[in-house]
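Please open the model in your viewer and follow the stops below in order. At each stop, make the selection that is named and then read what is found there.

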Number of protein chains: 4
Amino acid sequence: MAAIGFIGVGNMGGPMAVNLINAGHRVQVFDLSDDLVAKVVAKGGFPANSPQAAVDGVDIVISMLPSGEVVEALYIHQGHLLEAIPDGALVIDCSTIAPHNARNLAHAAEKRGLAVIDAPVSGGVAGAAAGTLTFIVGGSDANFERAKPVLLNMGKNVFHAGQNGAGQIAKICNNMLLAVQMIGTAEALQLGVDNGLDASVLSDIMLKSSGRNWALELYNPWPGVMENAPASRNYTGGFQVDLMNKDLGLAMEAAIKSKSATPMGGLAKSLYAAHARDDHGKLDFSSIQKFFSLSKKWS
Amino acid sequence: MAAIGFIGVGNMGGPMAVNLINAGHRVQVFDLSDDLVAKVVAKGGFPANSPQAAVDGVDIVISMLPSGEVVEALYIHQGHLLEAIPDGALVIDCSTIAPHNARNLAHAAEKRGLAVIDAPVSGGVAGAAAGTLTFIVGGSDANFERAKPVLLNMGKNVFHAGQNGAGQIAKICNNMLLAVQMIGTAEALQLGVDNGLDASVLSDIMLKSSGRNWALELYNPWPGVMENAPASRNYTGGFQVDLMNKDLGLAMEAAIKSKSATPMGGLAKSLYAAHARDDHGKLDFSSIQKFFSLSKKWS
Amino acid sequence: MAAIGFIGVGNMGGPMAVNLINAGHRVQVFDLSDDLVAKVVAKGGFPANSPQAAVDGVDIVISMLPSGEVVEALYIHQGHLLEAIPDGALVIDCSTIAPHNARNLAHAAEKRGLAVIDAPVSGGVAGAAAGTLTFIVGGSDANFERAKPVLLNMGKNVFHAGQNGAGQIAKICNNMLLAVQMIGTAEALQLGVDNGLDASVLSDIMLKSSGRNWALELYNPWPGVMENAPASRNYTGGFQVDLMNKDLGLAMEAAIKSKSATPMGGLAKSLYAAHARDDHGKLDFSSIQKFFSLSKKWS
Amino acid sequence: MAAIGFIGVGNMGGPMAVNLINAGHRVQVFDLSDDLVAKVVAKGGFPANSPQAAVDGVDIVISMLPSGEVVEALYIHQGHLLEAIPDGALVIDCSTIAPHNARNLAHAAEKRGLAVIDAPVSGGVAGAAAGTLTFIVGGSDANFERAKPVLLNMGKNVFHAGQNGAGQIAKICNNMLLAVQMIGTAEALQLGVDNGLDASVLSDIMLKSSGRNWALELYNPWPGVMENAPASRNYTGGFQVDLMNKDLGLAMEAAIKSKSATPMGGLAKSLYAAHARDDHGKLDFSSIQKFFSLSKKWS
C-alpha cells in the first residue's frame, strides 16, 4: 500500500480519494474547502492543512484541479509544491487542462527529479463514486506502469495515450467528438419526431444501425427514452454544459495551435456556448436537445 | 415459397435478388440493363422483358430504384405498374427516396387494393451480398409482419419505424447522424495526430470512451487503423460520397419541410458536397478524412 | 397607361397595387380576402370577384403570392388562369418562389402565347409603400424591357438577372448572403461587447472597414445603435424571421439540386430555424442578435 | 517633426516607415533582417543595430511585429526594451496580437512611465505603401490624440475603439466578420453560377441589394469580375490566407475567454484552416472561392 497526497477533493476528487482509502492506501487530503476535506476524513483520510503537509512523506501525489493555471500555480509558481514533494515520488495530475500546461508541469517536475504523468479522467461524478472512471494517461512507459495499479483503484479503464500531454490531447479529442455526437443525435431525434417518428423507436433503430454511438447506448438526450439518463430527470446530474464548454475551449485552443480544421467541433463549441448563455450551463450536456425542440414543448 | 417480381438489380438489388433465389423463391427479374438481368438469371432467376412481365402472377413485388422520381414514374405515372400487379400482392419498395414519394406510392397502391411498405436498407453492397442488410420499414403492422420473412431472406435486421414513409424518415435520420459522426471522427483523429498522437492509439481510446461510435467500431476513416475498412484500401468500395450526398439532400429537404434545425447535418451536407466537387464523389464516404489532412500527405 | 390585373394584395402586394394606381394605371384587384381588396379599392382600384375577372381585358397581370405551389395552382392547375388572360398580355410574377416553379410557369405561359417574367422583390413592406422596391427579373430581354416601366412605378431598382427563373435564383443568393451577414454582424458585435467594446463604436469602425455590409449601413441588429432600425423597436416591423426561413429553404433546395456547397448559408438556415422555434418567428430577422446575447439581458 | 524608433520593417512596417520619413520625421530603423533595414535606409531612414539603438533619443516608438509573444519578449521579457525607451515617449504597437498581450504591454509600459497604445492596422500591403491604412486604436483619449497626427502620416482613417487592448478587439471582430462575408459571398456566387447566372451580373445585383458588402464593393472573389482584385490575378497579392487564419485564431481565443458563441466565425476558421492545408496558405484570402468551385474548373 502507498502513502498518497491528494489535492483537490471536490465532486470528482472526493470520491476518487475515498476509493483509494478503501483500497487500503494512506491518503493525506488537502483542499481549499475544509468541508470537502472533512468528507474524506470521515471515510478514513488524513487531513492536511496545506498542500505541503499533504505531500509529506508520500510515494504518490494526485491532484484534481479546475484549470491549467491553477495546476501551474500550485506546483511551479506561487505554490512551489514540487519542491516539497519527496524525491522519487510520482505525480499524477488528473485535472483536465491544456496540453501545454501538462507539459510545463512535466518539465518542471523532471528537473526536480520527480516522475509525472497527466491522467485526465472521463466517467463523471457517477464514475468517480463507483470507481469506474477511465484514465487517459500521458507519460513514459515506466511511469504509466507505475501509476496503473493506483489508477485501477479509482477506475476500470486505463489508457496510455503517449508522452506527457498526450493524455490531455486524447481526452480533448474524445470529448470534442462526444459533443459532436450528442448534438448530432439530438438533431437527428428531433428531425425524426418532427416527421412523425417516435423518439424511442428511432433511437432503437439508430442504435442498431450505423448511427450508433455512446449517447444512444447510454445517455439518450430525449426525455423518457432511457429511465436512468439525465434527460429523464430534467437534465440534472451528469456532465454539465459549462464543463463541456471548458473542454471544447481546450480543443479549440489546441486546434488553433496545430492549425487543424475542426468544423464540427467548432460548431459544437458555439452551440454549447449559446446554450450556456440561455441559462443552461448547469444542466447536463444532453440538454442540448432543448435547443432543437419545438417552442415551449418542455417548459 | 413465394413468386416475387424484382425490379432494379444493380449493385444492391442484384445480390438481394440472388439471396431470395437461394432461399427458394421464384424471382422474376427486370432491369433496364440486360447485363444486370443476366447476372441474376445465371443464379437461377427468371428474366422478364418488362416491369409488367416481372410482376406477372407474383405474390410480392420488390423494387430497388435510384430516386423517388423513378419510383413514382414506374409505379404510378408513365409506367402504370400498379395496374399490372396482381390483386392482393405486397409491394416492398427498398429504394431510398423522399418520405413524400413513399407516401405517394402508398396512397396510389392502396387505392388499387395493394399492400405496400417502404423498406430502405442499410449495410451497403457487402451487406447485400452477405444477406446481412438492415431494413427499416414504414407501413402497417400487418404489412410489416407479412414482409418480414422475405426481408429476413435478404438481411438480418428488420425494424418497424412507423407508418408508410417512416422507413424513409428513419433511414434519413440515421444516415445524417452517420455523416456527422464520420466527419466528427475524422476531425478528432486529425486533431490528435496533429498534436502528436498515434491514430490507432487514439482510435482505441475513443472506442472505449464516450466518443465511441459505429465508425470507430467498424469503419475507421484513418488509413491503416483497420485492415478491412475502406480507408485501408484507398477509400475504394464501401458507401460512396455521392450516395451520402443524396441521403443528406433528402435529410435537408425533410428538415426544410418540418422547419427543423439541423446545424450539424447541414454542415455535413456542405462538407460532403465540397468533397464531391474535389473529385472524391466515387470514393467511400470515410474519405472525408482527406479533407482534414495535411497537404499532400496521401497524394 | 395600362390595364393591369393584380392578384394578391397583402402586406406587399397591396401598397404595390396602390403605387400603380397612383401612376395612372387601371388596376383590377383580386385577393382571397375581401378586406384586402377593399383597401386597394379605397385608393382607386377596381374590385374583381375572381382571378378571371381581375385579368379581364388587361395588358399586364401581376401576382404576389405566398408560394410556388400557389402560383402553379392559380395559373396552371386548379385555377387555369393562363387560359383566361388575354392574348399577348405580359405576366409579371413578383412572388418569391423556387426557380423551377418560375420556369414551370414560364413554359406553360409561353405555350399559351403569353409573355412572362419572374420579378421577385426586395425592400420589404416599407419599400413597397414608398415605391422604392428592388425587382430582380428573370426573362427575355424583350419582356424585361416591356416590364421595366411598370416595375419602376413600384420600385426604384430593376435588375435583369437572366432568363426565366434567374430572378428567383438571384434573389435567393442575395438573401442567403444577407442572412449570413446579419448573423456574422450579430456575433461580431456580441464578441466585441463581451470584450468591453461599445456596440456603436464597434459598428462605426466596422462600417468604415472591411467588415462593412448592408446591415451595418442600414439595419444594425444591436438595439439603440440605429434609431430607425427594427432592433431599436424590439425587432418589430421589418423582414420576419419566418420569411427569411422561407427564403433560406429555397436556397437550400436550389443548393441540393445543383450539388453546391453552402456551409455558411446552411448554418444560417439552422440558426434561423432554431430562432423561430424559440418563438421569434414573427420578429424582424435582425433579432438573431438575441441568440448571441448574455442571458436575460433583454428579457 | 518627431524622432521615431521603428522596429519591424517587413512588408507592412517597411512602407509605413517610409511614409513617416516622407512626412519629415527622423526614423531610426531596426529589424532582424539587415536587408529590410537597408531598404528603408535607402529612402532616408537611419539604421540601428539593436532595438535599443533604434529607440535612442526618440519621442515615439512604433513596432510592427508578427505575434504577441514577440511583442512581449521584445518590450518586457528578454528584450527589456521598455527600460531603454526615453521617459515620456509614446509607444505605438501596430502589431495584430491578442488583446491580453496588448494589455500586458500597456501595464508594463505604464509602470515604466511610458504612454502606450495598441494600433493594429487594416488595409494590407497596398494600403501601407499608399499611406491609406486604417488604424484601430486602443488607449486613453490623451494618448489617442497624441498618436493621431503620426498615424495619419501612414494612413487615412484612425479610429478610437476604447481603452488599451480595444484596438485589437475591434480589429479581430472586423476581420472575423470580413472572413464570414468573404466566404458567404463566395458561396452565394457559386450557387448562382451553378444555377445558370453570370457571376458579374449576380455580383452587380447583390452589390445594389441587401447582400452588399465590402468584398462585393472592392474585392470580388470571382475571377474576372473585378480587374484589380486578387481574384483576377490568380489570387496573388492581397491578404494571405495564413494571415486571415492568424486573425481568426485570435478571434476564437477571445471568444473562448469571453464565452461568446461565434458559429459563423468558427466555421470560417475551420474552412480557412482546411483551405491552408490544401496548399492555399500563401494565396489571397478571396481564394476561398476555389473551395466552392466545380472540380478542376480553374486548375
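Select chains C and D together: 55 residues of chain D are in contact with 55 residues of chain C, where contact means that the C-beta atoms of two residues, placed from the backbone, lie within 7 Å. The model is predicted, so local features need pLDDT of at least 70 and side-chain atom pairs count only at pLDDT 80 or more, while totals for chains, interfaces and linings use all residues. Residues are numbered from 1 along each chain as its sequence is written, and chains are lettered from A and ligands numbered from 1 in the order in which they are written.

Next, colour the side of chain D that touches chain C. Its residues divide into 30 nonpolar, 20 polar and five charged. Here Ala, Val, Leu, Ile, Met, Phe, Trp, Tyr, Cys and Pro count as nonpolar, Asp, Glu, Lys and Arg as charged, and the others, Gly among them, as polar. Select α9(D), which gives the most to this side, with 19 residues. Helices (H or I, at least four residues) and strands (E, at least two) are DSSP runs, numbered from the N terminus.

Now move to strand β1 (residues 3-7) of chain D. Is this strand enclosed or open? Four of its five residues are buried, so β1(D) is largely enclosed by the rest of the structure; a residue is buried if 20 or more other C-beta atoms, placed from the backbone, lie within 10 Å of its own.

Add strand β2 (residues 26-30) of chain D, which pairs with β1(D) in the parallel sense over five bridges; pairing requires at least two DSSP bridges. Ala3(D) stands opposite Arg26(D) in β2(D).

Finally, select strand β4 (residues 60-63) of chain D, which runs parallel to β1(D) and is joined to it by four bridges. Ile7(D) stands opposite Ser63(D) there.

How values were computed: A residue is buried if 20 or more other C-beta atoms lie within 10 Å of its own, exposed if 12 or fewer, and partly exposed in between; C-beta atoms are placed from the backbone.
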